[in-house]
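The following exercises concern a protein model and are to be worked through with the sequence and structure at hand. Each task is followed by a solution in steps.

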Amino acid sequence: MLRSSVTSEDPVYPFAHQLELLGKLFARKPIRVLIGDEIGLGKTVSAIMIIKYLLEAEKIRRILILVPRVLVQQWLSELKRFNLTNIHQLERNTIAGYQTLGFPEGIYLASIDLIKRNEHKVKILNVKWDLIVVDEAHRVGKSGGDETQRFILVKEIVKDPSVNIVMLTATPHRGKPEDYIERLKLVDPFIKASPRELDNERFYRLCMNSIVFRRTKPDVNSIYEKRRVFTDCKFKARVVKASEKEEEFHRNLLGFLRAKLLHYYRTVGEEPKALPLMLTLIAKRASSSPRAAIITLDRILQKRARLVKLLNTSNRASLERDLDEKASLIADTILGYSFEDMGLYEDESGKTACVDEILEEFVEECSVLLSEDDVKQLRRLHELAKEITGDEDSRLNSLINIVHKHIDNGEKVVVFTEFRDTAEYIFAELKRRLPKNHADKVALITSKGVEPPTPYSWYRRSYGIEDVKKWLRDGDVEVLVSTDVASEGLNLQMANVVIHYEPTWSPVKIVQRLGRVWRLGQEKDVCSYSLLLTVESDLAALEILYAKLLSWIVSGIEKQVPIGEELEIDMLPKDKTSSDILQIPLTSERGRPQYSEFRAWMQFIANGKEGLRRYVEGIINALIKLKEQAQRLGLSRVEPVKVEKFLSEGLGGLYGKEGEAVLKDLLVTTARICGYDVEERGSGLFVKGTHLTGLKTPLDFYRAIVSIVKDATGRTPVTLIASKPSSDEYIGLREIYLYEVPIYVGGRPSYSEVVGVVVREDGSTEVRRGLNLLKTFNGLLGNIIGVGDYFLSGKDFYDAAKNTVLYNYRSRMQDEYIKYLTETEKNISFSHVGWLPREGVSSSLESRQPRFLGAIVVLDETVRTPPPQAVEEVERRAMEYAMKYEKESGRLPEDVSKMEHYDIRSVDPKTGEVRYIEVKGRWYLDVTVELTEAEYEYAKKLKDNYWLYIIYGFSTGTPRLLAIRDPVRNIQWEVVVEVIERTRRRYRLSGYKPV
């Protein structure tokens, strides 16, 4: 799959953890898997590589990709990045048209919340899909024991066990075993046992690395790549001294909210309904920015005035009931832990709306619940908010300073905020207050769309996410302000600074935002800032939510009291890594608490820090249990020993930093042999005289090698002649036979690998693969002294090559899957009919005849003399061998050794071509031969018509033929001068290269 994005501006090549996944999946029929890698590990790339494989190898026809609405454009971009075509985007106004056409072959991309609707679902279920891809698959499950519409859709569409399915999620297990097991049953519909029967360590262990794959950033760095693929990430809390006006505003706001909520609790009860949610939303909006507070208070006051005039007592009661029902949906969906659609919310009716609009409309309608005294207090808060905007906004002033510092250092910054009007406020202030050269490079993303940097604002066109990514890549944008519409699924690794503008009371949101920046392809260390004021609500977020929940391993943050104007706090201790932050969301199960941003706010408003502390401590206890459960499920970390064996034996060790270094050396050697100089600069390798510049990645090196050598020879197999390198590992090495070994599963090609069979002077053999083979080849390539035209061996090593690859492929790539099928069928699943590979199916996994690619023949420094009785015998047998070869090749050979300066004159009766052949015989596995001065001059004169046949290895019982055309031009010779009666020259093909 190295060729996956050959023409892309943003090329992709598989990392070792992706190679492991693809190597294990490509042999399966069907491919059904849940990929649960951590955010930023390239799950989408892995899925698209699977798509490409199935398109090319299996010739699948119809693919359906189901994703959250906000990820549709991101997926469309990724598919195009891999040069995939025939992509169809399903929308309300296009589904019927595709149905009329019979859903032509191609890749179909759609919002899962669109397709789950009955009027669309029935059309999709009638199509025979070959592959289903479900992104953010944690959303496909059960809620309160009931199947969600998403779950019902996917369950019906993948019920045919022969259909390929790839499910993607960064949180495969969310704390509820039944929910997790039901997703596993989507992958394996043959499972018959109940979730209660399957909720055990044995079953979970069987699933890991067979139908479920889960890797983390530390796994990739320390186990798979053995280098720093993922940079460091620093978490900082920037605590800013609030002004007196800001302290007064937040103090009065919290006093109003607390009094109102406690009165509600006394008179109505603590069941979450409309009024408590409205108070939470007011708190969140005011915590976001003075601008958001002003807009919310404006809308409440204006709407209330109209509603009071229109509503009678009966209508008011009906409205309150409706608001209570709506409050429950909003609290669970938008203020719940999962943040189901982040920026856009698509309800059951299919209407898509901006979260800001949903919340603002709800708050407006709730205004009828406020009293006249409430209105007076809100008017005062409205006036205070106006006094702390713009230059008087301490949080905004701190943001400006942070942004300025980082863009002056050449870094790119993403500022995240929860609300659109706050984003617009930040965007306007940055453009007003940054120097013009930086202000012109600020862009904005909200649910309304994209506001471009200044140079692009004059064009009358709409811009999208791909434009933003290009601006970041090209340096046209230095600062991007975004609501969370961009934080799920959008890849922004061109930036490395993330600023969470307001206190974020949902830890998972911080993780999701960081995942957009801190991911594969990020070359700089990432810095995450949370901006907080010295007001009660912000400090509660810092001391309790961040210190105890986001990084619950941290102790002591709450002891650091802000002093002076500004304090910057590292949120992780030195002995912990950024990957130790919370990664697995919580759901309720058997009485365990469920984290809810809404409930956290309610506890804080009603009971202050102590109430929030009690609530969070309950969550932490559940988190500790959940972490223990994740370890029990095998979801916490991979097993290093197994991975090491897979990479070294399954893939031959061709991965990571060492593999990259060997590929780089191979490129340099190949380029120089072909006459090109290579220069290394800060931006990568440059091959002078070619278009190959800025080569940095293994994919770059691989493509460059292919580009350089593709026209060097059109022959296959190819034989190279090399002098022996000085390293001890080459002692006794005489030949390397190169084979391409294919693996077939169920009669179809699934995998192929190039291996080398090393032959030593004593006839012993060794199979070399991957990195080991590449190192050997690289060492010999720098010592190449010639190219042979033909190579014929009486002994082949097909079986050695084939058996080695087949054994390692099976034992390292397929054994876990075969074990899963075998063990589950004993008592918890039906027979996996038609699934391959499996035990007991003779054609399930096999290797067919390898393809011989060529050989490398290695010379030694010394010439070994054969036994005296063998000298004449060798020459005689060599002539017999050569004559026989010529006859079998359809030519007419004549022995002229007694009358010419060569041994055989051979004519091709079809073409009239004449070969003048010098035959040299060698007893041992050694091709070091000599030409007399007369033979050399004759070879020089006849050029392409002169052939040197070296027949060697008679001592092994299986002699080889190495045929070299025009040896004077194609081989390097050492001149040996002898002075006896007169000076004579001989020309030796030896292990010494001429200086």
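**Exercise 1.** Determine where leucine 71 is placed and whether leucine 71 is buried or exposed.

Solution. The model is a predicted one. Step one is the location: leucine 71 belongs to the loop that runs between strand E2 (62-67) and helix H3 (72-81). Step two is the accessibility: buried means under 20% relative accessible area, and leucine 71, at 1%, therefore counts as buried. Step three is a distance in space: the C-alpha atoms of leucine 71 and serine 111 are 8.1 Å apart, although 40 residues separate the two in sequence.

**Exercise 2.** Analyse the salt bridge between arginine 183 and aspartate 179.

Solution. Begin with the principle: side chains of opposite charge can pair when their charged atoms come close. Next, apply the cut-off, which is 4 Å from nitrogen to carboxyl oxygen. The closest N and O atoms of arginine 183 and aspartate 179 are 2.7 Å apart. Then place the partners: both lie in helix H8 (residues 177-187), with a spacing of 4 residues, about one turn of the helix. Finally, consider the surroundings. Arginine 183 has a relative accessible area of 0% and is buried; aspartate 179, at 7%, is buried as well.

**Exercise 3.** Identify which helices are tied together by the pair lysine 260 and aspartate 374, and which by the pair arginine 285 and aspartate 421.

Solution. For the pair of lysine 260 and aspartate 374, the N to O distance in the salt bridge is 2.4 Å. Lysine 260 lies in helix H12 (residues 244-267) and aspartate 374 in helix H17 (residues 372-386), so this pair ties together parts that are 114 residues apart in sequence. Lysine 260 and aspartate 374 are both buried.

For the salt bridge of arginine 285 with aspartate 421, the closest N and O atoms are 2.4 Å apart. Since arginine 285 lies in helix H13 (residues 274-288) and aspartate 421 in helix H19 (residues 420-433), the parts tied together are 136 residues apart in sequence. Both arginine 285 and aspartate 421 are buried.

To widen the view, the structure holds 59 salt bridges. Glu20, Lys24, Asp37, Arg215 and Glu816 are linked in a network of such bridges.

**Exercise 4.** Test whether the span of H19 agrees with its number of residues.

Solution. H19 has 14 residues, which at 1.5 Å a residue should span 20 Å. The end C-alpha atoms of H19 are 20 Å apart, so the two values agree. As a further step, list buried residues of H19: among them are Arg420, Asp421, Tyr425, Phe427 and Leu430.

**Exercise 5.** Describe the largest nonpolar core and name the residues that touch the most other members.

Solution. The largest nonpolar core has 86 residues, and Phe249 and Leu612 touch the most other members. Helix H24 (residues 597-633) gives the most to this core, namely 10 residues. Leaving aside residues up to four places away in sequence, leucine 612 touches Trp505, Ala540, Ile544, Leu545, Ala600, Gln603 and Phe604. A second, separate core has 48 residues, including Leu153, Ile165, Leu198 and Tyr204.

**Exercise 6.** Locate aromatic rings that form a cluster, and rings with a charged end over them.

Solution. The whole structure contains 25 aromatic pairs. Ring pairs join Tyr737, Tyr739, Phe791, Phe797, Tyr798 and Phe852 into a cluster. The charged end of lysine 192 sits over the ring of phenylalanine 830, 5.2 Å from its centre. For arginine 915, the charged end sits over the ring of tryptophan 947, 3.8 Å from its centre.

Conventions. Residues are numbered from 1 along each chain as its sequence is written. This is a predicted model: local features need pLDDT of at least 70, side-chain atom pairs count only at pLDDT 80 or more; totals for chains, interfaces and linings use all residues. Side-chain values use heavy atoms; hydrogens and water are left out. A salt bridge is a side-chain nitrogen of Lys or Arg within 4 Å of a carboxyl oxygen of Asp or Glu. Helices (H or I, at least four residues) and strands (E, at least two) are DSSP runs, numbered from the N terminus. Buried means under 20% relative accessible area, exposed over 50%, partly exposed in between (1.4 Å probe, protein chains only). The expected span of a helix is 1.5 Å times one less than its number of residues. A nonpolar core is a set of buried Ala, Val, Leu, Ile, Met, Phe, Trp, Tyr and Cys residues joined through side-chain atoms within 4.5 Å. Contact means heavy atoms within 4.5 Å. Rings of Phe, Tyr and Trp (its six-membered ring) pair if their centres lie within 6.5 Å; planes under 30 degrees apart count as stacked, over 60 as edge-to-face and the rest as tilted. A charge sits over a ring if NZ of Lys or CZ of Arg is within 6 Å of the ring centre and within 35 degrees of the ring normal.
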